[in-house]
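This report walks through the packing, charge pairs and surface of one chain. Keep the structure in view while reading.

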Amino acid sequence: MSEALPVLSASCSESDFISIVRDVAKLEHDCKLWLADASLLALTRWGDRGLEIMAAATGLKKASLKSASYTAAAFPVGK
C-alpha cells in the first residue's frame, strides 16, 4: 500500500507545507514553459492569428504570449 500524500491544511507540518508549495510552484513553472512553447507554435503556424487563438484559449494578452514565444524560441525543447 502506498504512503498517503501530504495535504495542505491548517494542521499540516512545516515540512509538508514546504513540499506541497514547492511542487505547486514547479507545476506553475512547467505550465508557463508549455504555454511559451504553444505560443511559439501558434505564432509559427498561424502568425498573428495564432496569438489571437492563444489569447482566446488562455485569457492571456497577446503581448504576453508573444513575449513567451521569444522565450520558447531561445530555449528550444530538448536543449
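## Terms and model

A residue is called exposed when its relative accessible area is over 50%, and buried when that area is under 20%. Values in between count as partly exposed. The model is predicted.

## Two sides of helix 2

Ala56 and Ala57 are exposed, on the other side of helix 2 from its buried residues. The buried residues of helix 2 are Gly50, Leu51, Met54 and Ala55. They span an arc of only 140 degrees around the axis, so they sit on the same side of helix 2.

What lies over that buried side? Helix 1 and helix 3 are among the parts that cover the buried residues of helix 2. After helix 2 comes Gly59. Its phi is positive, near 80 degrees.

## The nonpolar core

Which residues make up the largest nonpolar core? There are six: Ala38, Ala42, Leu51, Met54, Ala55 and Leu65. Helix 1 (14-46) and helix 2 (48-58) each contribute at least two of them. Helix 2 gives the most, with three residues.

Leu51, Met54 and Ala55 belong to this core. These residues are also listed among the buried residues of helix 2.

## A buried serine

Ser69 is placed in helix 3. Is Ser69 buried or exposed? Ser69 has a relative accessible area of 2%, so it counts as buried; the cut-off for buried is under 20%.

Leaving aside residues up to four places away in sequence, Ser69 touches Ala36, Ser39, Leu40 and Leu43.

## Salt bridges

How many salt bridges are there? The count comes to four. One of them joins the side chains of Lys32 and Glu28, at 3.4 Å from N to O. Both residues lie in helix 1. They are four residues apart, about one turn of the helix. Lys32 counts as exposed because its relative accessibility is 52%. Glu28 has 46%, so it counts as partly exposed.

Arg49, Glu52 and Lys62 are linked in a network of salt bridges. Arg49 meets Glu52 at 3.2 Å, N to O. Arg49 and Glu52 are three residues apart in helix 2, so about one helical turn separates them. Arg49 is partly exposed, at 49% relative accessibility. Glu52 is also partly exposed, with a relative accessible area of 35%. Lys62 meets Glu52 at 3.7 Å, again N to O. Lys62 lies in helix 3 (residues 62-74) and Glu52 in helix 2, so this pair ties together parts that are 10 residues apart in sequence. Lys62 counts as partly exposed, at 37% relative accessibility.

## A nonpolar surface patch

Which residues form a nonpolar patch on the surface? Leu8, Phe17, Ile18 and Val21 do. Together they have about 350 Å² of accessible area.

Val21 has its place in helix 1. At 39% relative accessibility, Val21 counts as partly exposed.

## Summary

Helix 2 appears in several of these features. Helix 2 gives three residues to the largest nonpolar core. Its buried residues are covered by parts that include helix 1 and helix 3. Glu52 of helix 2 pairs with Lys62 of helix 3, so the salt bridge ties together parts that are 10 residues apart in sequence. The exposed residues Ala56 and Ala57 are on the other side of helix 2.

Conventions:
Residues numbered from 1 in each chain as written. Predicted model: local features only at pLDDT ≥ 70, side-chain atom pairs only at ≥ 80, totals over all residues. Heavy atoms only, no water. Core = buried A, V, L, I, M, F, W, Y, C linked by side-chain atoms within 4.5 Å. Buried < 20%, exposed > 50% of the residue type's maximum accessible area, 1.4 Å probe, protein only. Contact = heavy atoms within 4.5 Å. Patch = residues over 30% accessible without salt bridge, like charges linked within 9 Å, V, L, I, M, F, W, Y side chains within 5 Å. Areas by Shrake-Rupley, 256 points an atom, 1.4 Å probe, with all protein chains shown as cover. Arc of directions from axis to C-beta.
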